[in-house]
Amino acid sequence: PTTDANRVPVASDFITAAFESVLGRAPGPKEHAACHDFLSGNARLLADTRSLDPFPAGAGSVVAPAQDPFARALENLVHVLFSHNDFVTIR
């Protein structure tokens, strides 16, 4: 079984890889910490299914969202990075 202790290295590696893939740079220390906080908080929210409303996948969806709350939080982090100022700003 995956435990929180097992997820920390996965989360750290994922955060770095996501930043490099989406933003073309490594995260700063504060960004890395904020992403860790986001992942743990988002996974906790997603684990409590009583507070969630079902959201059907769109007709064009190829891959269904992850069922595991932590994996879903990783997916959500990528969506957040697509809204990052460094991604949406042309320099």
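**Entry 1: Val 88 and the surface**

I looked up Val 88 and found it in helix α4, which covers residues 85–88. The model I consulted is a predicted one. I then checked whether Val 88 is buried or exposed. Its relative accessibility is 53%, so Val 88 counts as exposed, the cut-off for that class being over 50%. I also noted that Val 88 belongs to a nonpolar patch on the surface, together with Phe 82 and Phe 87. The accessible area of these three residues together is about 280 Å².

**Entry 2: Glu 75**

I turned next to helix α3, residues 69–82, where Glu 75 is found. Glu 75 has 28% relative accessibility and therefore counts as partly exposed, since that class lies between 20% and 50%. I listed its contacts, leaving out residues up to four places away in sequence, and recorded Pro 65 and Ala 66. I also looked up the separation between Glu 75 and Leu 39: their C-alpha atoms are 9.7 Å apart, although 36 residues separate them along the chain.

**Entry 3: Leu 39 and the core**

I followed Leu 39 further. Beyond residues up to four places away in sequence, Leu 39 touches Ala 11, Ile 15, Ala 73, Leu 74 and Leu 77. Which residues of the largest nonpolar core touch the most other members? I recorded Ile 15, Phe 19, Leu 23, Cys 35, Leu 39, Leu 77 and Leu 81, out of 14 residues in that core. Helices α1 (4–23), α2 (29–47) and α3 each supply at least two residues of this core. I noted that α1 gives the largest share, with six residues.

Conventions:
Residues numbered from 1 in each chain as written. Predicted model: local features only at pLDDT ≥ 70, side-chain atom pairs only at ≥ 80, totals over all residues. Heavy atoms only, no water. Patch = residues over 30% accessible without salt bridge, like charges linked within 9 Å, V, L, I, M, F, W, Y side chains within 5 Å. Areas by Shrake-Rupley, 256 points an atom, 1.4 Å probe, with all protein chains shown as cover. Salt bridge = Lys/Arg side-chain N within 4 Å of Asp/Glu carboxyl O. Helix = DSSP H or I, 4+ residues; strand = E, 2+ residues; numbered from the N terminus. Buried < 20%, exposed > 50% of the residue type's maximum accessible area, 1.4 Å probe, protein only. Contact = heavy atoms within 4.5 Å. Core = buried A, V, L, I, M, F, W, Y, C linked by side-chain atoms within 4.5 Å.
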